[in-house]
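Trainee: I am new to this structure and would like to go through it with you. May I ask my questions as they come up?
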Amino acid sequence: MITMKDIVREGHPALRAKAEEVVLPASDEDKQTLKAMIEFVINSQDPEIAAKYGLRPGIGLAAPQLGISKRMIAVHVVDEDDKLYSYALFNPKIVSHSTKKCYLAGGEGCLSVDRDVPGYVPRYFKITVKATDLEGKEVNLRLKGLPAIVFQHEIDHLNGIMFYDHINKQDPFKAPEDAIVIE
Ligand SMILES: O=C(O)C[C@@H](Cc1ccccc1)[C@H](O)SCc1ccccc1
Ligand code: NI
């Protein structure tokens, strides 16, 4: 199982590289890795397992955070209506997005960043994502609010982008124009 010692931290080259497309159909090794990633995110939200293994709670994980520069992400998050979005995906791509922006009121964090970086992280409020799942099926997702934010955070990892790259350097808490606040 994946634990915090497997997660690379700032300074690791994989966090600043453009990850490679996964060759499909996925190899058993890539499927094994992606299954372990979604298992980690689910485990990290289980208070008993998280305490037992010292896991930091997470709602997403990208393969570069394991030092694996491949386009694989895992997301396990509920939206404001308590709808669960649980996905382990190969080669996710944002194929369209709203002009409307949003941001998390409390800013963002990252399992690969062992420090607080205060400030608002502007994200698209709505996105459409195409990807391939563990069974090899094409997935088309229309996401908004927190699920959309998590997918953007994870897909950023596949492109070597960290959440704080989006924070306004002059005024970190300058609210993006006409943006929706996600509590
Ligand atoms: O480092 C990661 O990629 C996992 C992040 C994902 C994330 C952070 C902020 C906003 C969207 C996605 C971790 O989940 S950070 C811990 C966390 C847990 C619950 C809610 C927000 C952040
Ligand atoms: Ni992160």
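Trainee: Leaving aside its neighbours within four places in sequence, which residues is His 157 in contact with?
Mentor: This is a predicted model. In it, His 157 is in contact with Leu 15, Ala 17, Ala 62, Pro 64, Gln 65, Cys 110 and Met 162.
Trainee: Is His 157 buried or exposed?
Mentor: His 157 counts as buried, because its relative accessibility is 1% and the limit for buried is under 20%.
Trainee: Which residues coordinate the nickel ion (ligand 2)?
Mentor: Cys 110 through SG, His 153 through NE2 and His 157 through NE2 coordinate the nickel ion, at 2.1 to 2.3 Å. The spacing of these donor residues in sequence is C-x42-H-x3-H.
Trainee: Where do His 153 and His 157 lie?
Mentor: Both are in helix α3, which covers residues 146–158. They are four residues apart, about one turn of the helix. Their side chains are also joined by a polar contact of 3.2 Å.
Trainee: And what does His 153 touch, not counting residues up to four places away in sequence?
Mentor: His 153 touches Glu 108, Gly 109, Cys 110, Arg 123 and Phe 163. With Glu 108 there is a polar contact between the side chains, at 3.0 Å. His 153 is buried, with a relative accessible area of 10%.
Trainee: What does UniProt list for "binding site"?
Mentor: The UniProt entry, which is unreviewed, lists Cys 110, His 153 and His 157 under that heading. These residues are spread over 48 residues of sequence, yet they cluster in space, with a largest C-alpha distance of 10.2 Å.
Trainee: Changing topic, how many disulfides are there?
Mentor: The count is zero.
Trainee: Why is there no bond from Cys 102?
Mentor: The closest cysteine sulfur to that of Cys 102 is in Cys 110, and it is 18 Å away, so it is too far for a bond. Cys 102 is buried, at 0% relative accessibility. Cys 110 is buried as well, with a relative accessible area of 4%.
Trainee: One more topic: in what order do the three strands of the open sheet come?
Mentor: The order is β5-β4-β8, with mixed pairing. The edge strands, each pairing on one side only, are β5 (123–124) and β8 (180–182).
Trainee: How many bridges join β4 to β8?
Mentor: Three bridges join strand β4, residues 101–104, to β8, and the two run parallel. Tyr 103 stands opposite Val 181 in β8.

Technical notes: Residues numbered from 1 in each chain as written. Chains lettered and ligands numbered in written order. Predicted model: local features only at pLDDT ≥ 70, side-chain atom pairs only at ≥ 80, totals over all residues. Heavy atoms only, no water. Donors = N, O, S within 2.8 Å, 3.2 Å for Na, K, Ca; no water. Buried < 20%, exposed > 50% of the residue type's maximum accessible area, 1.4 Å probe, protein only. Disulfide = S-S within 2.5 Å. Pairing = 2+ DSSP bridges. UniProt positions renumbered as here; feature names shortened; annotations may be inferred. Contact = heavy atoms within 4.5 Å. Polar contact = N/O pair within 3.5 Å; in protein donor to acceptor, adjacent residues only side chain to side chain.
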